[in-house]
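Biologist: Please take a close look at one part of this model for a first-year student, and then set that part beside the contact between the chains.

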Amino acid sequence: MKNRSLVTLAGHSREKIEYLIRMAQEFEKHPNRRILAGRVVATLFFEPSTRTRLSFETAANRLGARVIGFADPKVTSGTKGETLKDTIMMVSSYADVIVMRHYLEGAALYASEVAPVPIVNAGDGANQHPSQTMLDMYTIYQTQGTLDNLNIYMVGDLKYGRTVHSLLMAMRHFNPTFHFIAPDELAMPAVYKRYCDEYGIKYVEHQDFDADTISDADILYMTRVQKERFADLDEYERVKDRYLLKKDMLCKARPNMKILHPLPRVNEIEYTIDDTPYAYYFQQAQNGLYARQALICDVLGISLEDVMNDSTIL
Amino acid sequence: MMVAAIENGTVLDHIPSERLFDVVSMLHLEKMGNAITIGFNFKSAVMGTKSIIKIADKYFTDEELNQLSAVAPNITLCVIKDYEIIEKRTVVMPEELVGIVQCPNPKCITNNEPMKTRFRSVAQGNDILRCSYCNRDVELKDVRIVE
């Protein structure tokens with residue numbers, strides 16, 4: 001049987017992404033079902049990530065699955081020297097699907113190669129975080145009515161920000177124009193600019209972050225500039241407020257523009273923006289539930305048709 | 001400097017000198033009983049210096065030779081029979097290099113599990129390899145071979 005694991009969205013076709021969005025729409029209409037009754041979902045978090053774990057576990061629970069797993073790697077045999085392969089093989093004998101967060105890059109692909117059950121990558125180091133990307137794309141579609149031909153502005157830490165890398169790769173089918181706004185230290189890495197060149201994706205780099213720069217944005221994707229990324233703390237102090245989105249910077253924004261943020265935010269978005277029609281980060285987080293319900297069902301071989309004809313809706 | 005001709009076997013020429021010992025280890029020459037001549041730091045009009053290896057009574061498979069493209073993509077290979085060159089060829093980058101290149105990313109799963117690395121060349125040219133696991137790119141000049 002074809003391995004249905006979800007390691008990255010980068011290899012997904014346009015049709016597959018649109019299909020998953022349609023499935024997430026069904027779950028948004030009816031999030032509470034028994035379609036996974038009798039199934040066991042394992043959530044293995046080798047690196048703590050409370051919000052991603054809660055989102056996945058809620059997704060599984062609301063579909064009637066039972067959830068096993070660990071949230072703290074200190075309790076696993078990995079600390080005794082067990083290989084990832086052995087842990088995955090052991091859990092595969094208990095669960096129907098494994099949702100895995102790991103601190104090592106490429107861990108999800110490797111797990112999917114050795115596991116007899118599907119793996120859902122819930123983040124592997126700085127590499128991929130496809131469920132975040134799926135909920136981002138779902139949110140973009142929900143707010144813009146399309147994924148095609150959008151101006152997507154990415155702001156903040158574009159070097160280590162895994163979410164922006166995954167989004168960039170998955171959007172390649174939809175003719176986006178990316179605008180990268182970041183300090184030199186946290187600029188978009190060459191490998192992703194090369195990726196844009198390979199796929200003919202347009203991009204513009206900016207250092208300024210003001211009302212004029214973002215006036216053509218359809219999506220303003222904010223990320224956190226993390227202090228620990230800087231070798232020179234003076235440099236951090238110098239740039240940290242330069243990438244703070246202030247309310248008055250929205251004066252020239254397009255009416256359809258929405259601000260997204262993978263959360264948690266610290267000081268990237270002024271709190272007064274929360275009450276404007278541009279703020280959409282909390283709805284975005286909620287969409288994580290529907291996107292993850294779709295992803296879990298998809299790797300288990302449950303089709304959109306199954307979801308639409310589901311008689312287990314509560 | 002002249003190097004004695006071999007009657008039968010394989011000659012690898014135009015090896016970048018800094019890659020000579022990588023080539024030796026990738027072909028496991030140190031474990032062979034055959035007569036082997038190794039020339040190091042020969043003058044070369046094109047390369048500055050080059051290295052050369054002659055292995056008597058040994059013919060390699062395409063797979064063994066093509067893996068050398070990870071460290072010496074411009075190598076020249078001559079197959080010798082009865083002192084004559086019966087075939088002259090270059091190496092071709094395989095679609096995937098399995099268990100050959102070490103990933104430079106210490107946080108890559110391949111550096112933390114007992115497993116084989118996998119690299120592919122990035123579309124434009126063959127001078128950049130990408131780790132199939134962590135997606136880290138490595139330029140050919142920086143490639144390190146798995147120990």
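A kinked helix and the contact of its chain

Modeller: Helix α9(A) has a kink of about 25°, with its centre at A:N287; the bend at a residue is the angle between axes fitted to the seven residues ending there and the seven starting there. This is a predicted model, in which local features need pLDDT of at least 70 and side-chain atom pairs count only at pLDDT 80 or more, while totals for chains, interfaces and linings use all residues. Residues are numbered from 1 along each chain as its sequence is written, and chains are lettered from A and ligands numbered from 1 in the order in which they are written.

Helices are DSSP runs of H or I with at least four residues, numbered from the N terminus. α9 of chain A covers residues 281-299, 19 residues in total. From first C-alpha to last it reaches 27 Å, close to the 27 Å expected at 1.5 Å a residue, where the expected span is 1.5 Å times one less than the number of residues. Of its 19 residues, 15 are buried, which leaves α9(A) mostly covered; buried denotes 20 or more other C-beta atoms within 10 Å of the residue's own, with C-beta atoms placed from the backbone. After α9(A) comes A:G301, with a positive phi near 85°.

The contact between the chains involves 13 residues of chain A and 15 residues of chain B; two residues are in contact if their C-beta atoms, placed from the backbone, lie within 7 Å. On the side of chain A that touches chain B, α3 (84-92), α4 (107-114) and α7 (190-198) each supply at least two residues. α4(A) gives the most to this side, namely 3 residues.

Methods
A residue is buried if 20 or more other C-beta atoms lie within 10 Å of its own, exposed if 12 or fewer, and partly exposed in between; C-beta atoms are placed from the backbone.
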